[in-house]
Amino acid sequence: MPTASPAATPAALAPLVARRSERLSGRVRVPGDKSISHRSLLIGLLTVGATEIEGLLEGEDVLATARACAALGAAVERLGPGRWRVRGVGVGSLLEPDQVLDFGNSGTGVRLAMGVVAGHPVEAVFDGDQSLRRRPMRRVLEPLARMGAAIIEAAPDGRLPVRLKGAEDAIPIVFESPLPSAQVKSAVLFCGLAAPGETTVIEVEATRDHTERMLAYFGAELAITPHGEHGKRITLKGRPELRPRPIAVPADPSSAAFPLVAALIVPGSDLILESVLANPLRTGLLHTLKQMGAGIEEIDRREQGGEPVVDLHVRASKLRGVEVPAARAPSMIDEYPVLAIAAAFAEGETMMRGLSELRVKESDRLAAIAAGLAANGVEHEVSGDDLVVRGGAGRVQGGGTVMTHMDHRIAMAFLVMGLASDQPVAVDDASLIATSFPGFTELMRGLGADIG
Ligand code: S3P
């Protein structure tokens, strides 16, 4: 068995500056959805035969999952840009990896893969970078232990690196998730694939449902019913024979959010974002921005591989502050950094409630957003788990340098701010942007953004 090595020292910092820009315009497609990309590789691993994927996000996070799938027995091939083929081993037939499964910066990759391994009698060591080593893993390890997995070693407080031995015979459970987390739900469902009988996850707040959709698309039997006001009860029949199906990954709405908000705040902008995933459990930001007065038109709504997609026509708009209820958080959990930027340019206050989960993302995002706003002269307040931003009605001072704390979305959000603020905005390190949005700087420059 491999042993975990100390997390690699971070590469040299790559600072970047964004300056006030002329109108942004053009027609672009941002890279593939990160959540769907991870799942297509892992479900490909659990399918016998060849799964062909188009539009896979070739960001560092997803490439780490691709390497892990190969280490667990799949033949993973890159056929061309975004085109990948996974020849899987099927549920029940994973190989024991002979190397540490290093997920770099990716919480989704590591937590979903833990679920997959937990259902198989193999031992694996999971690790990641310094950001991932700080993030909570108990949320997945506890239900997976109930399903029969053994946590052989872990860093204090159940953090990475973790050595996990999967169950000989996974136990189907009924799991009431204490957190609104699609990663936790998906880890339990992935483990449940290997269990005889039915595994049930009850979520009080519905979270992104890509795992359920893709498993059903590959032939698994799932029953999904409403639970309470905002929740769902998901029951999966174990040991299905998954059949390979082609996957076309739509553009990631969490990445599209950056050029979208940039176009709203840079005067005169007019932009089309193509084939953006429009799954209703991912559209909280669109809903909020429209309430704020954003000119966003949805064109040609259509289905792509079991998911709705749409083209978005975005025009620069005067925004006004709104209240974003806590219940909306799961449908826009990754979008608060860039919403805070839109709020800084809006007129009046934007109140964002119920942000506790932001504290355990790639960084403590609530603290990182607040520090970035402070560095750029934006009035704001954090009280408990709520953030209020007092907008400058089109004017933001800027001029600050923002600490990104190994967080790609903090870097991109504050670069977007700098495109419309009076003074340039710098980020201390843009290197992590490649985890989710390779080509971000080039794409933004192509639209007219002054980033360099
Ligand atoms: C994801 C779920 C969310 C999100 C992450 C991707 C997923 O995390 O923040 O970027 O693909 O399941 P949580 O499940 O921790 O909320």
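Which residue in β11 is the bridge partner of Val-174? Looking at this predicted model, you will find that the partner is Thr-200. Let's start from that pair and work outwards.

The two strands involved are β10 and β11, the latter made of residues 198-203, and they pair in the parallel sense over four bridges. They belong to an open sheet of four strands, arranged in the order β10-β11-β13-β12 with mixed pairing. Follow that order to its two ends and you reach β10 (174-177) and β12 (222-227), which each have a single partner strand, so one side of each is left without a neighbour in the sheet. On average, neighbouring strands here are turned by 15° against each other, if direction is ignored. Strands of a sheet pair through backbone hydrogen bonds, either parallel or antiparallel.

Now look for helix α6, residues 182-193. This helix lies across β10, β11 and β13 (231-237), and runs at about 170° to β11.

Step back to see the chain as a whole. It is divided into domain 1 (16-32 + 250-451) and domain 2 (34-240), with 28 Å between their centres, taken over C-alpha atoms. Where the domains meet, 29 residues of domain 1 are in contact with 29 residues of domain 2. Together they bury about 2300 Å² between them, and 52% of that is on carbon and sulfur atoms.

What holds your eye next may be the charged and polar pairs. Four salt bridges are found across the interface of domain 1 and domain 2, and 14 residue pairs are in polar contact between these domains. On the side of domain 1 that touches domain 2, β17 (307-315) and α12 (408-418) each supply at least two residues.

Technical notes
Residues are numbered from 1 along each chain as its sequence is written. This is a predicted model: local features need pLDDT of at least 70, side-chain atom pairs count only at pLDDT 80 or more; totals for chains, interfaces and linings use all residues. Side-chain values use heavy atoms; hydrogens and water are left out. Two strands pair if DSSP finds at least two bridges between them. Axes are lines fitted to C-alpha atoms, for helices over the stretch in contact, and angles run from 0 to 180 degrees between N-to-C directions. Contact means heavy atoms within 4.5 Å. Domain bounds come from an automatic or database domain assignment. Buried area is the accessible area (1.4 Å probe) that two parts lose on being put together, summed over both. A salt bridge is a side-chain nitrogen of Lys or Arg within 4 Å of a carboxyl oxygen of Asp or Glu. A polar contact is a pair of N or O atoms within 3.5 Å; within protein, one must be able to donate a hydrogen and the other to accept it, and residues adjacent in sequence count only if both atoms are side-chain atoms.
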